[in-house]
Structure formats: structure tokens, C-alpha cells
Amino acid sequence: MSSPYDPQFAPAGDVGTALMMIDSRLKGIHSGRTETDAEQQALTDHFAASLDAAGIDDVLDGVCTLIFMFMTWLRRTHEEHGKDVIEYVVPTLVATMRQMPKSVGAETIPTMAGLVIAAGTDLSPNLWRKQYGYWTEEEMTPLEVTAFLLAEHINRIAADPDFATRMISRALSGSDEG
């Protein structure tokens, strides 16, 4: 029986822009920049201001698609070793977010964990979230942090700082060909 939260019913969104945002953060952190560069922030703000409501929704859906794709990879990898992805990924993710009180408010952590659990159980995180209403401004940074932390987790498992980005880029180029 199909669920209304089945990924086949979810819009993919603007995965390319979402991936670019996450990759930019990964590269910044790996180069030792922990604060957002003023020029980069100005470009991001300018880009965000150029989006209409549909464009913003597309980027939000794109970030959720990344979360789904990252969790799908993590689930398959954990299953190969007889482990449960929820048991191994969610507690680490939540503990890390709790250490980031300036970026991730404690009140947003259950929602972010819910997105990851939905994706980890093969449900669409964006459709799961939409049942609770529209995204709040307070959830924007935690949403980005969630995708970032999942990508970083994948990169550590693969022992390759660009693995997660490359994996998604390959999947996107493969979907363009078909």
C-alpha cells in the first residue's frame, strides 16, 4: 500500500542549487572558515532576494531531496553491515545539532530529526514536513545544517571530502541523460 509521503509523490525541487549551497559550506569548513564570508553572504542574500515564492519552495524541496538521497545512501551502507541507519545516524546528528545552539535552536531539532527519520524509512522528508504547515524562518538554517551534517557524515565514511557532492552530481547527470 502506498503512503501519501511516498517519494514518488514529492517534487524534487532545485537540487542543483541546494547542492551548491551545501558544497560551498563543506568547502568553507574544510578550508578553515567557520564564519560565513561577508561576500559569500551578500551573494547568497542577493540570490535569495531574486527568488519568488515558487523558487524558494524549489530550493527547500531540493534540500529535502538531498536529505532523502543522503539517507538512502546511508541506509544502504549501514544495511550492508547489518546496522540500522536510524540507530547510528540520528543520535549522532541530534547530538551535533545540540552543540550548535546559535545555528540550531533546540525547538527545531525534533523537526530536523523527523526529516531524517522519514528519509531513513524511505518516506519523502518534504511531504512529511508539509503536513505540519509551511516552513518557518527559524527552520531555514537548521534545515541547511541537517543536509550539511549528513553530507559531512557520508564524506567521513567514504574518507573523501567530496564524495557526497560527487555522488549527487553523478545522480543528477544520470537523470538528465534518461
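1. Let's start with the pair D162 and K27. In this predicted model, D162 and K27 form a salt bridge, and their closest N and O atoms are 3.2 Å apart. K27 sits in helix α1 while D162 lies in the loop between α7 and α8 (163-177), so the contact ties together parts that are 135 residues apart in sequence. Both partners are open to the outside to some degree: D162 counts as partly exposed at 31% relative accessibility, and K27 is partly exposed too, with a relative accessible area of 42%.

2. That pair has company. Which residues are linked with K27 in a network of salt bridges? They are D23 and D162. If you plan to look at the contact between D162 and K27, please keep D23 in view, as the network includes D23 as well.

3. Helix α1 has another link to offer. R25 forms a salt bridge with E144, and here the closest N and O atoms are 2.8 Å apart. This pair also links distant parts of the chain, with R25 in helix α1 and E144 in helix α7 (residues 140-158), 119 residues apart. Are R25 and E144 buried or partly exposed? R25 counts as partly exposed because its relative accessibility is 28%, whereas E144, at 16%, counts as buried. The cut-off behind that split is 20% relative accessible area, under which a residue is called buried.

4. Next to R25 in the sequence you will find S24, whose place is in helix α1 (residues 15-30). S24 counts as partly exposed, at 26% relative accessibility. How far from F148 is S24 in space, C-alpha to C-alpha? The distance is 9.8 Å, although the two residues are 124 apart in sequence.

5. A further salt bridge joins D122 and R75, with the closest N and O atoms 3.9 Å apart. D122 is in the loop between α5 (109-120) and α6 (125-130), R75 is in helix α3, and the two are 47 residues apart, so this is again a link between distant parts of the chain. D122 is partly exposed, with a relative accessible area of 38%. R75, by contrast, is buried at 14%. If you apply the distance criterion yourself, note that the cut-off is 4 Å and that this pair has 3.9 Å.

6. For the full picture of such contacts, a search of the whole structure finds eight salt bridges. As a reminder, side chains of opposite charge can pair when their charged atoms come close.

7. Some acidic residues deserve a separate look. E79, E80, D84 and E87 gather on the surface in a patch of negative charge. One of them, D84, lies in the loop between α3 (53-80) and α4 (85-98). D84 has a relative accessible area of 39%, so this residue is partly exposed.

8. Finally, the overall fold. The chain has eight helices and zero strands, and its elements run α-α-α-α-α-α-α-α from the N terminus on. Its C-alpha trace spans about 45 × 40 × 35 Å along the principal axes. What radius of gyration does the chain have? The value is 16 Å, which agrees with the figure near 16 Å for a compact globule with 178 residues. Buried residues make up 39% of the 178 residues in the chain.

Key:
Residues are numbered from 1 along each chain as its sequence is written. This is a predicted model: local features need pLDDT of at least 70, side-chain atom pairs count only at pLDDT 80 or more; totals for chains, interfaces and linings use all residues. Side-chain values use heavy atoms; hydrogens and water are left out. Patches are made of residues with over 30% relative accessible area and no salt bridge: like charges are joined within 9 Å, nonpolar side chains (Val, Leu, Ile, Met, Phe, Trp, Tyr) within 5 Å. Accessible areas come from the Shrake-Rupley method with a 1.4 Å probe; for residues, only the protein chains shown count as cover. A salt bridge is a side-chain nitrogen of Lys or Arg within 4 Å of a carboxyl oxygen of Asp or Glu. Lys and Arg count as positive and Asp and Glu as negative; His and the chain ends are not counted. The place of a charge is taken as NZ of Lys, CZ of Arg, CG of Asp or CD of Glu. Helices (H or I, at least four residues) and strands (E, at least two) are DSSP runs, numbered from the N terminus. Buried means under 20% relative accessible area, exposed over 50%, partly exposed in between (1.4 Å probe, protein chains only). The radius of gyration is taken over C-alpha atoms; the globule rule is 2.2 Å times the number of residues to the power 0.38.
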